[in-house]
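Here is a short report on one protein model. Keep the sequence and the 3D view open as you read.

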Amino acid sequence: MHTVMTEVMLTVAIATIAAFLAASFYSSMSSFYDVYRMAIGVEKEKALTNIEIIFATNVSSSEAKIWVKNIGQKPITRSLIAKASLIFGPTAECQLLGYNTTVAPYWTFSLASDFDHDGVWDPSETIEIDVIWDTTLASGDYYVKLILYNGVSDDYYFSI
């Protein structure tokens, strides 16, 4: 009787440990799947997003304009455009500009072509970026790079 009781207790203990291990494994696999699904979603969004800087020039001694076309398949809201990073300046002295700050240099944007008048930067539409520089834009070569909220970017060189 003593042996039967020991075997029953061992069987219950082994079953409990097996159930615990199975639950832990399932929980880990579920977490892994959630992370994997989120990573796939991020990559899908990047794949659907694409931009092209189509032209840049100075419009005054301290202001430049940059036109950027949405050549992707995803619309981009104004709030997401505002989260973009803009690098601008003479090629040897580029700097990261703040968006819509009160101290130059900074940048703002407007929808240059909003075909459906919805206030969203849809595919095939163009935004116009205004760069307000803190000094005179001297003659020379300039560089601009726009990096969207999700890391998609384009760069452009131009001369003044």
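The report below covers the sheet, the salt bridges, the aromatic rings and a surface patch.

## The sheet

This is a predicted model. Start with the strands. Eight of them build an open sheet in the order 1-2-6-5-4-3-7-8. The pairing is mixed. Two strands sit at the edges: strand 1 (51–58) and strand 8 (153–159). Each of these pairs on one side only. Neighbouring strands of the sheet are turned by 30 degrees against each other on average, direction ignored.

What holds strands in a sheet together? Strands pair through backbone hydrogen bonds, either parallel or antiparallel.

Now look at single pairings. Strand 5 (residues 106–111) runs antiparallel to strand 6, with six bridges between them. In this pairing, leucine 111 has isoleucine 127 in strand 6 as its bridge partner.

Strand 3 has a neighbour on either side in the strand order, strand 4 and strand 7. With strand 7, strand 3 pairs in the antiparallel sense over six bridges. Here glycine 89 is matched with tyrosine 143 in strand 7. With strand 4 (residues 95–99), strand 3 is again antiparallel, over three bridges. Leucine 86 has leucine 97 in strand 4 as its bridge partner. Strand 3 and strand 4 also form a hairpin, with four residues between them.

## The salt bridges

How many salt bridges does the structure hold? It holds three. The table lists them.

| Pair | Closest N to O distance |
|---|---|
| Lysine 65 and glutamate 63 | 3.9 Å |
| Lysine 65 and glutamate 128 | 3.0 Å |
| Lysine 65 and aspartate 130 | 2.3 Å |

Salt bridges that share partners join Glu63, Lys65, Glu128 and Asp130 into one network.

Take the bridge between lysine 65 and glutamate 63. Are its two residues buried or partly exposed? Lysine 65 has a relative accessible area of 16%. The cut-off for buried is under 20%, so lysine 65 counts as buried. Glutamate 63 has a relative accessibility of 22%, so it counts as partly exposed.

Next comes the bridge between glutamate 128 and lysine 65, with N and O 3.0 Å apart. This pair links distant parts of the chain. Glutamate 128 lies in strand 6 (residues 126–132) and lysine 65 in strand 2 (residues 63–70). The two residues are 63 residues apart. Glutamate 128 is buried, as is lysine 65.

The bridge to aspartate 130 has its closest N and O atoms 2.3 Å apart. It too links distant parts of the chain, with lysine 65 in strand 2 and aspartate 130 in strand 6. Here the separation is 65 residues. Both lysine 65 and aspartate 130 are buried. In the sheet order, strand 2 and strand 6 are neighbours.

## The aromatic rings

A search of the whole structure finds 10 aromatic pairs. One of them joins phenylalanine 88 and tryptophan 133. Their ring centres are 5.2 Å apart and their planes stand at 70 degrees, an edge-to-face pair. Phenylalanine 88 lies in strand 3 (residues 85–90), and tryptophan 133 lies in the loop between strand 6 and strand 7 (141–147), so the pair ties together parts that are 45 residues apart in sequence.

Phenylalanine 88 is buried, with a relative accessible area of 0%. Tryptophan 133 is buried as well, at 8%.

Phenylalanine 88 also pairs with phenylalanine 158. Why is this pair called tilted? The ring centres are 6.2 Å apart and the planes meet at 35 degrees; planes under 30 degrees apart would count as stacked and those over 60 as edge-to-face, so this pair is tilted. The pair links strand 3 with strand 8, and its members are 70 residues apart. Phenylalanine 158 is buried, with a relative accessible area of 7%.

These rings belong to a cluster. Ring pairs link Phe88, Trp133, Tyr142, Tyr156 and Phe158.

## A patch on the surface

Finally, turn to helix 1 (residues 2–48), where valine 8 is found. Valine 8 is partly exposed, with a relative accessible area of 43%. Together with Met5, Met9 and Val12, Val8 makes a nonpolar surface patch of about 410 Å².

Technical notes: Residues are numbered from 1 along each chain as its sequence is written. This is a predicted model: local features need pLDDT of at least 70, side-chain atom pairs count only at pLDDT 80 or more; totals for chains, interfaces and linings use all residues. Side-chain values use heavy atoms; hydrogens and water are left out. A salt bridge is a side-chain nitrogen of Lys or Arg within 4 Å of a carboxyl oxygen of Asp or Glu. Buried means under 20% relative accessible area, exposed over 50%, partly exposed in between (1.4 Å probe, protein chains only). Two strands pair if DSSP finds at least two bridges between them. Axes are lines fitted to C-alpha atoms, for helices over the stretch in contact, and angles run from 0 to 180 degrees between N-to-C directions. Patches are made of residues with over 30% relative accessible area and no salt bridge: like charges are joined within 9 Å, nonpolar side chains (Val, Leu, Ile, Met, Phe, Trp, Tyr) within 5 Å. Accessible areas come from the Shrake-Rupley method with a 1.4 Å probe; for residues, only the protein chains shown count as cover. Rings of Phe, Tyr and Trp (its six-membered ring) pair if their centres lie within 6.5 Å; planes under 30 degrees apart count as stacked, over 60 as edge-to-face and the rest as tilted.
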